[in-house]
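Reader: I would like to go through the terms used for this model one at a time, with each label set against the rule behind it. Could we begin once the structure is on the screen?

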Amino acid sequence: MVGKVTVDPRERATPVADPAIIEARSRRNGRLIDAKRVIGSFDYAAAIRLRGVLNDAGSRGRPRLVCSNCGVTLFPASSARAGVSR
């Protein structure tokens, strides 16, 4: 797919069917977070804002979400093609 894709910002964000990372750990409280569940709980506009907040926090060295296995900083990624995973 080439070009800009317009998404209604009020539509629910759609997680990929088979994500590369299935859960994250909150740095604030240590809890595990199901990636698909959390992404699907936001509308698209809110999910994009969340991605920005998480990306900014990570770039300042204060990640909010990390991989539950290795501790690397995480933030939601998006694709113009629905259902695409890495």
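Author: Please bear in mind throughout that this is a predicted model. A convenient place to start is Ser68, which, once its neighbours within four places in sequence are left aside, is in contact with Glu23, Ala24, Arg25 and Leu32. Ser68 itself lies in the segment after strand 3.

Reader: What makes Ser68 count as being in contact with Glu23, Ala24, Arg25 and Leu32?

Author: Contact means heavy atoms within 4.5 Å, and Ser68 is in contact with each of these residues, namely Glu23, Ala24, Arg25 and Leu32. A C-alpha separation is another kind of value: for Ser68 and Arg31, which are 37 residues apart in sequence, it comes to 9.4 Å.

Reader: Why is Cys67 called buried or exposed, whichever applies?

Author: Buried means under 20% relative accessible area, and Cys67 has 11% relative accessibility, so Cys67 counts as buried. Cys67 is found in strand 3, and, leaving aside its neighbours within four places in sequence, is in contact with Val72 and Leu74. The C-alpha atoms of Cys67 and Glu23, 44 residues apart along the chain, are separated by 7.1 Å.

Reader: Which label does Asn69 receive, and why?

Author: Exposed means over 50% relative accessible area, and the value for Asn69 is 76%, so Asn69 is exposed. Asn69 is found in the segment after strand 3 (65-67), and its C-alpha lies 9.1 Å from that of Glu23, although the two residues are 46 apart in sequence.

Reader: How do you know that Asp8 and Arg10 form a salt bridge?

Author: The rule asks for a side-chain nitrogen of Lys or Arg within 4 Å of a carboxyl oxygen of Asp or Glu. In the pair Asp8 and Arg10 the closest N and O atoms are 3.1 Å apart, and the pair forms a salt bridge. By this rule the count comes to one salt bridge. Side chains of opposite charge can pair when their charged atoms come close.

Reader: Why do Asp8 and Arg10 carry the labels they do for accessibility?

Author: The partly exposed class lies between the 20% and 50% limits; Asp8, with a relative accessible area of 26%, is therefore partly exposed. Arg10 has a relative accessible area of 68%, against a limit of over 50% for the exposed class, so Arg10 is exposed.

Reader: Which residues gather in the patch of positive charge on the surface, and what makes it a patch?

Author: The residues are Arg27, Arg28, Arg31, Arg60, Arg62 and Arg64. Members of a patch need over 30% relative accessible area and no salt bridge, with like charges joined within 9 Å. Two of the members illustrate the accessibility condition: Arg28 has a relative accessible area of 75% and is exposed, while Arg31, at 59% relative accessibility, also counts as exposed.

Reader: Where are Arg28 and Arg31 found?

Author: Arg28 is found in the loop between strand 1 (23-26) and strand 2 (32-34), and the place of Arg31 is likewise in the loop between strand 1 and strand 2. Leaving aside its neighbours within four places in sequence, Arg31 is in contact with Ala24, Arg25 and Ser26. The C-alpha atoms of Arg31 and Leu65, 34 residues apart along the chain, are separated by 9.9 Å.

Reader: What pattern does the protein follow along the sequence?

Author: The protein has two helices and three strands, and, read along the sequence, follows the pattern β-β-α-α-β. Of its 86 residues, 19% count as buried. Among contacts between residues at least 6 apart in sequence, 60% join residues at least 24 apart.

Definitions and conventions:
Residues are numbered from 1 along each chain as its sequence is written. This is a predicted model: local features need pLDDT of at least 70, side-chain atom pairs count only at pLDDT 80 or more; totals for chains, interfaces and linings use all residues. Side-chain values use heavy atoms; hydrogens and water are left out. Patches are made of residues with over 30% relative accessible area and no salt bridge: like charges are joined within 9 Å, nonpolar side chains (Val, Leu, Ile, Met, Phe, Trp, Tyr) within 5 Å. Accessible areas come from the Shrake-Rupley method with a 1.4 Å probe; for residues, only the protein chains shown count as cover. Lys and Arg count as positive and Asp and Glu as negative; His and the chain ends are not counted. The place of a charge is taken as NZ of Lys, CZ of Arg, CG of Asp or CD of Glu. Helices (H or I, at least four residues) and strands (E, at least two) are DSSP runs, numbered from the N terminus. Buried means under 20% relative accessible area, exposed over 50%, partly exposed in between (1.4 Å probe, protein chains only).
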